[in-house]
Amino acid sequence: MRTKQKRRVCILLPNKQHLDCTVTVKAKAQEVLTSVLKQLGVTDLYIFGLAVLRDNEYLFLDLGLKLSKYFGKRWNRSSITVPFIVFLRVQYYIENGQLILSSKVQQLYYTELRQKVLRSQSRQQEALFFQLAASALQAEVGDLERRVGNEEEEEERCYFLPEDYFPSWLIKRRGRDYLLQHGPALHGDLRGVTRSQATLQFIKEAGSLQDGPVTFYRMRQNKRERRSSILLGVVVKGVHIYEEVEGKLCLLYDLSWTNIDRFTFQGRRFEVAAVGSLCLPELVYYTHSAFHSKHILRHLTNSHRLHIDTRDAVSYIQQLEDMEASHFYKEAYICDTAGLRQRLQTDNLTSSMSDCSAAAGTSTAWSKEEEEEEAEEDEESFTVMVAFVLTVAEVELCVDEPEEVFVDDPAEVSWLAELIRGASVDGAVVFPSSWEG
């Protein structure tokens with residue numbers, strides 16, 4: 001009887017390793033996160049979130065809700081032998097890697113960004129990919145040894161695989177030989193930069209990548225549109241709205257948090273209102289479900305809150321980096337960097353994000369009348385005034401019904417079948433054609 005009350009959860013990390021934990025049938029998502037923290041040996045993961053893959057969409061778990069809300073009826077019917085899959089993913093991107101105090105967490109953040117760079121389609125930023133490859137090589141290989149002689153030079157050129165550091169489209173455009181020839185030269189320019197410094201440099205450079213530190217949500221321009229052509233991207237400093245035209249993304253609006261007056265949704269209808277000074281019409285789009293709208297609104301609210309909570313620290317770090325670049329106060333910079341860590345620890349960033357998570361949604365009694373409940377959800381309406389970051393009203397999360405939604409970074413899960421066979425990931429993995437190779 002006790003065994004029937006237990007469930008096995010497998011947590012997949014950005015580095016493709018996985019952790020396992022066993023919980024009770026009535027367990028909440030917080031219990032899984034607590035297990036992850038303990039197994040990783042870290043005290044917080046405030047920029048990361050636990051997510052499930054639902055109908056080809058990553059949905060971040062509300063830590064206060066029971067896991068049964070996300071896995072539905074199968075959660076109650078399954079046995080401990082079949083694991084349920086949960087992903088540890090970056091939920092909130094940041095401007096500077098020094099905001100992450102734990103080296104383990106920083107490495108996980110770096111690893112996820114590395115994968116996003118390899119899948120990037122920002123073809124107009126070709127030069128940036130060479131910089132990113134050089135920083136990644138310095139972070140992972142260290143200083144490139146200088147050798148003399150043609151054979152040694154040839155050997156030196158082949159110490160990395162272009163596929164591990166460049167997007168596939170760039171390899172096709174330039175050729176492997178070109179990358180193997182010029183990659184080492186750029187890598188060699190970073191001689192003397194420590195691996196930790198190179199990691200921070202990569203994180204900072206990746207922030208300039210158009211489709212790097214961003215979470216996309218697909219929307220429709222009108223209710224009758226057959227496919228979702230609008231992508232709303234949540235970025236560090238605001239929101240980017242794209243339209244997909246013939247497989248290519250065209251930027252329609254680049255809105256910083258200060259440019260946005262409010263977000264509102266009623267059922268599937270999702271509205272973005274810019275401040276009056278921009279003279280923009282109210283942007284109206286349609287999500288795939290009322291729950292999808294709530295998920296987007298929660299993510300936007302928490303992302304804005306984190307931006308506000310960290311902007312002073314980001315400004316302080318930038319001042320220190322400017323001082324180092326000037327070469328006048330290098331010793332003071334090193335000293336102040338240590339002081340920065342203490343300052344960040346006293347800024348309660350972790351507790352701030354815990355408040356965000358608690359405010360984002362509250363568990364209510366689960367009704368067996370699922371169809372009636374979904375109809376009631378469609379009538380709900382919420383507004384978030386961005387200027388004041390109001391909390392989202394209490395909402396019930398119901399994801400039992402299938403939805404056609406878009407996956408952010410779908411290529412990441414292509415290796416799941418080989419890692420764990422028979423595991424429950426709640427739906428087939430479908431890759432949009434526009435994201436293939």
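Which residue of strand 8 is the bridge partner of Val-235?

1. The model under review is predicted. In strand 8, Gly-238 is the bridge partner of Val-235. Strand 7 covers residues 230–235 and strand 8 covers residues 238–245. These strands run antiparallel and are joined by six bridges.

2. Strands 7 and 8 belong to an open sheet of four strands, whose order is 6-7-8-9. The pairing in this sheet is antiparallel. At the edges lie strand 6 (215–219) and strand 9 (248–256), each of which pairs on one side only. From one strand to the next, the twist averages 25 degrees.

3. A helix also lies across part of the sheet: helix 10, formed by residues 290–326, lies across strand 6, strand 7 and strand 8. Relative to strand 6, helix 10 runs at about 145 degrees.

4. The next point concerns helix packing. Two packed helices are described by the angle between their axes and by the distance between those axes. For helix 5 (residues 126–141) and helix 8 (residues 176–188), the axes come within 9 Å and cross at roughly 65 degrees. Angles from 65 to 115 degrees count as roughly perpendicular, so helix 5 is roughly perpendicular to helix 8. The crossing of these two helices is right-handed.

5. On the side of helix 5, the contact is made by Phe-130, Ala-134, Leu-137, Gln-138 and Val-141. Helix 8 contributes Tyr-178, Leu-179, Leu-186 and His-187. Classed by residue type, this contact of helix 5 with helix 8 has seven nonpolar residues, two polar residues and no charged residues.

Definitions and conventions
Residues numbered from 1 in each chain as written. Predicted model: local features only at pLDDT ≥ 70, side-chain atom pairs only at ≥ 80, totals over all residues. Heavy atoms only, no water. Axes fitted to C-alpha atoms, helices over the stretch in contact; angles between N-to-C directions. Parallel < 35°, antiparallel > 145°, perpendicular 65-115°, else oblique. Left-handed = near helix turned anticlockwise from the far one by under 90°. Contact = heavy atoms within 4.5 Å. Nonpolar A, V, L, I, M, F, W, Y, C, P; charged D, E, K, R; others polar. Pairing = 2+ DSSP bridges.
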